[in-house]
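Work through the following exercises with the sequence and the model at hand. Each task is followed by a solution in steps.

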Amino acid sequence: MTATLERRPEPETARAGRVVWFTGLSGAGKSTLAAALHAELTARGVAAELLDGDAVRENLSKGLGFSRQDRDTNVRRIGFVAGLLARHGVTVLVSAISPYADTRREVLAALPNALEVFVDAPLEVVTARDVKGLYLKAIAGEIQHFTGVSDPYEAPQTPDLHLRTAELTVQEGLRGLLQALGEE
């Protein structure tokens, strides 16, 4: 008796995986836009997963601090998981500050069909949106290593999509994202 292994054709979705990487300051609107896009894509039947920076830090990167090395490790871990999911046909929405440009470029270059979205809001806007008052504490020197205040945030020079959230509604941002993804 001889056994033969028959390969099934790969489903279409296996070739359609992609990563949408939202980067920007805390409070710029990354999570809000990513959640809106996630809801819209799943309503359309698109396999989508949301990797939020806060949730990843709590579950995948617990124990990491806020040194440059730890932040880079966190971004690389997120990229690794995003890449695994995307290679299996999932549209992965990453919402993470990811403050260092060279690490972002490195991670994005390794991801299939990656789209870098700069969610841009000025410091005065994110400070006003901050219900926990973390920006004010960082500005007062009470919190060290706070991105955008006492630690750098290196904005993308040529993002695939630049959303200025102080000037856009969530719906307008969502429309721009859907157009950039070819879903509109």
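**Exercise 1.** In what order do the elements of the protein run from the N terminus on?

Solution. The model is a predicted one. Begin with the totals: the protein has 7 helices and 5 strands. Read from the N terminus, these elements follow the order β-α-β-α-α-β-α-β-α-α-β-α. The C-alpha trace spans about 75 × 35 × 25 Å along its principal axes.

**Exercise 2.** Describe the stretch that UniProt lists as "domain: APS kinase".

Solution. The record, an unreviewed entry, gives residues 17-163 for this feature. Over that range, helix accounts for 42% of the chain and strand for 18%. The C-alpha atoms at the two ends of the range are 23 Å apart.

**Exercise 3.** Classify the aromatic pairs of the protein by ring geometry.

Solution. A pair of aromatic rings is described by the distance of the centres and the angle of the planes. With centres required to lie within 6.5 Å, the count comes to 2 aromatic pairs.

- Step 1. The ring centres of Phe 118 and Tyr 153 are 6.1 Å apart and the planes meet at 25°, so this pair is stacked; the cut-off for stacking is under 30 degrees.
- Step 2. Place this pair in the chain: Phe 118 belongs to strand 4 (residues 114-120), while Tyr 153 sits in the loop between helix 6 (134-139) and strand 5 (161-164). The pair links distant parts of the chain, 35 residues apart. Both Phe 118 and Tyr 153 are buried.
- Step 3. For Tyr 135 and Phe 146, the centres are 4.8 Å apart and the planes at 80°, so the pair is edge-to-face; here the angle must be over 60 degrees.
- Step 4. Tyr 135 lies in helix 6 and Phe 146 in the loop between helix 6 and strand 5, so the pair ties together parts 11 residues apart in sequence. Tyr 135 and Phe 146 are each buried.

**Exercise 4.** Is Thr 127 buried or exposed, and which residues does Thr 127 touch?

Solution. Thr 127 is part of helix 5 (residues 123-129). Its relative accessibility is 17%, and because buried means under 20%, Thr 127 counts as buried. A polar atom of the Thr 127 side chain lies 2.7 Å from the backbone oxygen of Leu 123. Leaving aside residues up to four places away in sequence, Thr 127 touches Tyr 135, Leu 136 and Ile 139. Tyr 135 also belongs to the edge-to-face pair with Phe 146.

**Exercise 5.** Where does Arg 68 lie relative to Tyr 100?

Solution. Arg 68 is placed over the face of Tyr 100, at 3.9 Å from the ring centre.

Notes. Residues are numbered from 1 along each chain as its sequence is written. This is a predicted model: local features need pLDDT of at least 70, side-chain atom pairs count only at pLDDT 80 or more; totals for chains, interfaces and linings use all residues. Side-chain values use heavy atoms; hydrogens and water are left out. Helices (H or I, at least four residues) and strands (E, at least two) are DSSP runs, numbered from the N terminus. Buried means under 20% relative accessible area, exposed over 50%, partly exposed in between (1.4 Å probe, protein chains only). A polar contact is a pair of N or O atoms within 3.5 Å; within protein, one must be able to donate a hydrogen and the other to accept it, and residues adjacent in sequence count only if both atoms are side-chain atoms. Contact means heavy atoms within 4.5 Å. Rings of Phe, Tyr and Trp (its six-membered ring) pair if their centres lie within 6.5 Å; planes under 30 degrees apart count as stacked, over 60 as edge-to-face and the rest as tilted. A charge sits over a ring if NZ of Lys or CZ of Arg is within 6 Å of the ring centre and within 35 degrees of the ring normal. UniProt positions are given in the numbering used here, feature names are shortened, and annotations may be inferred rather than shown by experiment.
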